[in-house]
Amino acid sequence: HILQILDFIGTFAFAISGIRLASAKRFDWFGAYVVGLATAIGGGTIRDVLLDVTPGWMTNPIYLICTGLALIWVICFGRWLIRLNNTFYIDTIGLALFTVVGVGKSIALGYLSLVAIIMGSITGAAGGVIRDVFINEIPLIFRKEIYAMACVVGASLTGCAMPQDGSYVCQLVGGSAVFVTRILAVKYHICLPILKGSEETDGDS
């Protein structure tokens, strides 16, 4: 099934991004594996719990195996990843694939498009939040970068089209929208407005 294949590819991509960032923090191999696994399965686990289904990694060991392969990949080709600085692109690929998978799974279970859009966004973004917490960084979705909003854009396109057109074209369009939105946002420094606080007042007090 195409969604299953996309899920596995997204798992591998997200695991690599998590393990790569863990290596930058000087984690050991086991710690890096844990971060990679949490990144890869975190969003999907939250989605499945909300949809009242058993998380995939609890019934299929392929997710644990994919993370192990990702760890081996980073161990063998870590310097190549650093030199090309392509972790960003790998993370973005995982973001796009997981968003589409989340939408597709929700619609397949009979949920409304709005719910599918939310589930797709959670599937794509939540793993990155868990990863950033584990490596003691402020999660990307709480910073200026367009991250979760890229998921919302792609999930909206996929979620609105899939109930009428179940073909893989709408999944491709939705995933591409996530990828392109994220790339363009970073390239041209596009970000959401910052909510202004009362720093001056707090500082005076």
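In this predicted model, the axes of helices H1 and H4 (residues 87-108) come within 8 Å and cross at roughly 145°. Axes here are lines fitted to C-alpha atoms, for helices over the stretch in contact, with angles running from 0 to 180 degrees between N-to-C directions; helices are DSSP runs (H or I, at least four residues), numbered from the N terminus. The H1/H4 crossing is left-handed, meaning the near helix is turned anticlockwise from the far one by less than a right angle (clockwise would be right-handed). On the H1 side, the residues that meet H4 include Leu3, Leu6, Ile9, Phe14 and Arg20, and their H4 partners include Ile90, Leu97, Phe98 and Lys105. Contact means heavy atoms within 4.5 Å. By class, this contact splits into 12 nonpolar, six polar and four charged residues, where Ala, Val, Leu, Ile, Met, Phe, Trp, Tyr, Cys and Pro count as nonpolar, Asp, Glu, Lys and Arg as charged, and the others, Gly among them, as polar.

H1 itself (residues 2-24) passes a simple length check: its 23 residues should span 33 Å at 1.5 Å a residue (times one less than the number of residues), and the end C-alpha atoms are indeed 33 Å apart. After H1 comes arginine 26, with a positive phi near 65°.

H1 also feeds the largest nonpolar core, a 16-residue set in which Ile16, Ile19, Ala32, Ile41 and Ala70 have the most contacts. H1, H2 (29-50) and H3 (62-84) each give two or more residues to this core. Such a core is a set of buried Ala, Val, Leu, Ile, Met, Phe, Trp, Tyr and Cys residues joined through side-chain atoms within 4.5 Å; buried means under 20% relative accessible area (1.4 Å probe, protein chains only). Leaving aside residues up to four places away in sequence, alanine 70 touches Phe12, Ala15, Ile16 and Ile19. A second, separate core of 12 residues includes Phe98, Leu140, Cys151 and Ala185.

Turning to H7, its buried residues include Cys170, Gly174, Val178, Arg182 and Ala185, and their cover includes H1, H4 and H6 (148-161). Histidine 189 follows H7 with a positive phi, near 55°.

H5 (residues 113-134) and H6 have axes that come within 8 Å and cross at roughly 145°, in a right-handed crossing.

Residues are numbered from 1 along each chain as its sequence is written. Local features need pLDDT of at least 70 and side-chain atom pairs pLDDT 80 or more, while totals for chains, interfaces and linings use all residues, and side-chain values use heavy atoms, without hydrogens or water.

How values were computed. Buried means under 20% relative accessible area, exposed over 50%, partly exposed in between (1.4 Å probe, protein chains only).
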